[in-house]
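Student: I would like a close look at one part of this structure. Please take the salt bridges, and then set them against the rest of the chain.

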Amino acid sequence: MAESGFKKWIITITVIIASLLELIDTTIVNVSIPQIQGNLGATITDAAWVVTGYSVANVIILPMSGWLSSFFGRKNYFLTSIIVFTIASFLCGNASSLTELVGFRILQGLAGGGLLSTSQAILIETWPAEQLGTATALFGLGAVVGPTIGPTIGGYITDHAAWRWIFYVNIPVGILASIFTVMYVKVTSRDGKDKPIDWWGIALLAITVGSLQTILEKGEDEDWFATTYIIVLTCAAVIGLLLFLWRELSTDHPIVNFKIMRHRSFSAGMVTSFILGVGLYGSQFVFPVFCQNLLGFSAQQTGEILLPGGLFTIMMMPFVGIMLNKGLPAQFMAVGGMILFFVFSWFMSGSTLASGTGDFFWPLAIRGIGLSLLFVPLTTIAIGGLKGAEIGQGTGLNNMMRQLGGSFGIAGLNTLIHIRVATHRNNLLTNINPYNNYFTDRYNALLHGFMAKGKSFFDASKMAYAAIDGTVNKQSTLLSYNDAYIVVGWVMLAAIPLIFLAPIVKGQKAVADSH
């Protein structure tokens, strides 16, 4: 039964706080990896498992969160997740070795996976069906803005305090969310407590999703299938997926209820949520790396540049919710979001080494508006027709698909950049010849400049070629990042037909009628 008045809003604030805890921690650690590496005496590859361990654990638990809510009761599971997440945050901040930190981050990821989907399910049941657009918009604030402001917060804390405080800041927020949950979130029945536990399903899910997520996180660093453990994990993911699907479709009490795929809107929403993950996390991966590696911005400066785009998303979310409540079809809004995302990518693909903060304001503002037009309508399409226990299962699967989309997007773009750098470099090197006037002019200017500083002709010539080679490398990298932006844009644009695989959803009036 839906809530009203003060209680409705305090529950809304509680679940948004809880989801923000989980989502901010997906990106807040990224900018602190060098400091963690130095402080704990680890290599950069080993320190990266602080991020990978959290992501793998998070994605494993997401599709199980609906069943866990049913087994333990939604309030009990939600409260336990907050408490475990808060304790794990303290343990992460207090870790004395990399092994401890990775282990506690995995525990944090397992608890965080329960926060995201359970928060969304609680929010959907707290608001009246005719106001589902508003509820989804409020949840979207955390889901979209959380990963955006994570690097900003992480960069600021790391620059002004110590990396351990990126974990300690979760503790007061977690305590506050726990108190509000105890006081205001209503208890739900434990529908699954007397049913057999699908242990085989749990094991196969962990093997499949864990293997796949690890492959996507570490594949590029390990040169993909040139590494034995990547090959082993690929085989485990493929075999595990086939066995998992067979198990879940043949058992009477599955850990993941694939029967909800009978809803055409949900199936279409799963696909489009995957595409949204590619765009959201893929573009968010490319931009900070581009700014810091090529333009020389600090982590904090990069986060500050991203912040206005997040503010545009925040400002647009209530408007999107109102439009959905008034009956504007979700598909039409999502198409607008896809087009705006393409416009953002198109602008960013024209970046140069002289680009400054002012050049990014409007492209990122367009991206922020586009994300607000995508997240809420696509979520509405996916879960608008679900009822009862299906809501928890649906939100878990939908969130997992968005996270996996992000992992595929990051892995794909990382590989694309690596390949395109080599391609662009080879193309640019064809211009390094004595018959190219631009090259000879540049070479002679550098040569005479170095000789004027007292270098011999031989040394000056070597330094001139080295300087030109450095310019070629920078330009090759720049062009590869620009390629990545435009690929993201075309992926989003090509996904528009997929939006119409679902029946037209005319805002929340249609949803209310279905309830």
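Tutor: What follows starts with the salt bridges and then moves to the chain as a whole, its cores and two further helices.

The model is a predicted one. A search of the whole structure finds two salt bridges. Side chains of opposite charge can pair when their charged atoms come close.

Take Arg420 and Asp483 to begin with. Their side chains meet in a salt bridge, with 2.9 Å from N to O. Arg420 sits in helix α17, which covers residues 389–429, and Asp483 sits in helix α19, which covers residues 457–494. The two residues are 63 residues apart, so this pair links distant parts of the chain. Arg420 has a relative accessible area of 27% and is therefore partly exposed. Asp483 counts as buried because its relative accessibility is 19%, and buried means under 20%.

The other pair is Asp469 with Arg425, whose side chains form a salt bridge of 2.8 Å from N to O. Asp469 belongs to helix α19 and Arg425 to helix α17, so this bridge ties together parts that are 44 residues apart in sequence. Asp469 is partly exposed because its relative accessibility is 28%. Arg425, with a relative accessible area of 25%, is partly exposed as well.

Now for the chain around these pairs. Its secondary structure comes to 21 helices and zero strands. The chain has 515 residues, and 56% of them count as buried. Among contacts between residues at least 6 apart in sequence, 84% join residues at least 24 apart. The accessible surface comes to about 21,300 Å², and 67% of that belongs to carbon and sulfur atoms.

Next, the interior. The largest nonpolar core has 102 residues, and those that touch the most other members are Phe287, Phe290, Met338, Phe360, Leu374 and Met400. Helix α16, residues 357–383, gives the most to this core, with 12 residues. Met338 shows how one such member is placed: leaving aside residues up to four places away in sequence, Met338 touches Ile275, Leu374, Met492, Ala495, Ile496 and Ile499. There is also a second, separate core of 16 residues, which includes Val51, Leu98, Ile157 and Trp163.

Two isoleucines make a useful pair to look up in the structure. Ile215 is part of helix α11, residues 199–218. Ile215 counts as buried because its relative accessibility is 7%. Apart from residues up to four places away in sequence, Ile215 touches Trp224, Ile230, Leu233, Thr234 and Ala237. One of these, Thr234, is 19 residues from Ile215 along the chain, and the C-alpha atoms of the two are separated by 7.2 Å.

Ile179 is found in helix α10, residues 170–184. Ile179 counts as partly exposed because its relative accessibility is 42%. Together with Ile175, Val182 and Met183, Ile179 makes a nonpolar surface patch of about 380 Å².

To return to your request, the two salt bridges are Arg420 with Asp483 and Asp469 with Arg425.

Note on methods. Residues numbered from 1 in each chain as written. Predicted model: local features only at pLDDT ≥ 70, side-chain atom pairs only at ≥ 80, totals over all residues. Heavy atoms only, no water. Patch = residues over 30% accessible without salt bridge, like charges linked within 9 Å, V, L, I, M, F, W, Y side chains within 5 Å. Areas by Shrake-Rupley, 256 points an atom, 1.4 Å probe, with all protein chains shown as cover. Salt bridge = Lys/Arg side-chain N within 4 Å of Asp/Glu carboxyl O. Helix = DSSP H or I, 4+ residues; strand = E, 2+ residues; numbered from the N terminus. Buried < 20%, exposed > 50% of the residue type's maximum accessible area, 1.4 Å probe, protein only. Contact = heavy atoms within 4.5 Å. Core = buried A, V, L, I, M, F, W, Y, C linked by side-chain atoms within 4.5 Å.
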